[in-house]
Amino acid sequence: MITLFLPCGASTVHVKSTLYGWLIIIGCYLVGEFFVLVTDLPLPGALIGLLLLLSGLLLRQRPAVTVGRGAQPLLTHMSVLFVPAVIGVGLFWAEVSENALGIALALVATTIVALGFTAWFAQRLMKAKRPN
């Protein structure tokens, strides 16, 4: 028999819910990767998985506590997930410095587009929720 040592105040239901939420997130990721592999789309599988998860949550139209609990450990340690990217920039610093202007312009342009789209979308959501 396997004994499960729980942190103070954690119940077995909470642990099961967290694991179930984590499995949903990983499942969407793997389905996205498989979909890209099969269809040969020029998009990252993680993006397709994220869109699958988002569409599932939107179709549900209520908060998904299990997905939130599954995501919490990942969000808590998210800074660790940036370490490979930072090391990659340091490793390929010569290429980064050669293309610094293009990288800077791309970052500024995509930031402006992302913020503009987010503001536009937020305004549409606010108008849709506002009572007439």
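Helices here are DSSP runs of H or I that are at least four residues long, numbered from the N terminus. Keep that in mind as you work through these exercises on a predicted model.

**Exercise 1. Look at the annotated spans and find out how residues 19-37 and 71-94 are built.**

Solution. Start with the record: UniProt, in an unreviewed entry, lists residues 19-37, 43-59, 71-94 and 100-122 as "transmembrane region". Next, take residues 19-37: this span is 100% helix and 0% strand. Its end C-alpha atoms lie 26 Å apart. Now move on to residues 71-94, where the chain is 88% helix and 0% strand. The end C-alpha atoms of that span are 36 Å apart.

**Exercise 2. Work out which residues make up the largest nonpolar core, and which helices supply at least two of them.**

Solution. First, list the members: Ile25, Cys28, Leu53, Ala64, Val67 and Ala71, six residues in all. Then look for the helices behind them: H1 (12-39) and H3 (65-76) each supply at least two residues of this core. Finally, zoom in on Cys28. Leaving out residues up to four places away in sequence, Cys28 touches Gly49, Leu52 and Leu53.

**Exercise 3. Find the nonpolar patch on the surface and say which helix gives the most to it.**

Solution. Begin with the residues: Phe35, Leu41, Leu43, Leu47, Leu50, Leu51, Leu54 and Leu58 form the patch. Together they have about 710 Å² of accessible area. Next, ask which helix gives the most: that's H2 (residues 45-60), with five residues. Now pick one patch member, Leu51, which lies in H2. Leu51 has a relative accessible area of 46%. Partly exposed means between 20% and 50%, so Leu51 counts as partly exposed.

**Exercise 4. Decide whether Asp40 is buried or exposed, and describe its backbone.**

Solution. Locate Asp40 first: it sits in the loop between H1 and H2. Then check the backbone: Asp40 has a positive phi of about 60°, although it is not a glycine. Last, check the surface. The relative accessible area of Asp40 is 67%, and the cut-off for exposed is over 50%, so Asp40 is exposed.

**Exercise 5. Place Ala85 and compare its distance from Thr118 in sequence and in space.**

Solution. Ala85 is found in helix H5 (residues 83-91). With a relative accessible area of 48%, Ala85 is partly exposed. Now for Thr118: Ala85 and Thr118 are 33 residues apart in sequence. In space, C-alpha to C-alpha, they are 25 Å apart.

Technical notes. Residues are numbered from 1 along each chain as its sequence is written. This is a predicted model: local features need pLDDT of at least 70, side-chain atom pairs count only at pLDDT 80 or more; totals for chains, interfaces and linings use all residues. Side-chain values use heavy atoms; hydrogens and water are left out. A nonpolar core is a set of buried Ala, Val, Leu, Ile, Met, Phe, Trp, Tyr and Cys residues joined through side-chain atoms within 4.5 Å. Buried means under 20% relative accessible area, exposed over 50%, partly exposed in between (1.4 Å probe, protein chains only). Contact means heavy atoms within 4.5 Å. Patches are made of residues with over 30% relative accessible area and no salt bridge: like charges are joined within 9 Å, nonpolar side chains (Val, Leu, Ile, Met, Phe, Trp, Tyr) within 5 Å. Accessible areas come from the Shrake-Rupley method with a 1.4 Å probe; for residues, only the protein chains shown count as cover. A salt bridge is a side-chain nitrogen of Lys or Arg within 4 Å of a carboxyl oxygen of Asp or Glu. UniProt positions are given in the numbering used here, feature names are shortened, and annotations may be inferred rather than shown by experiment.
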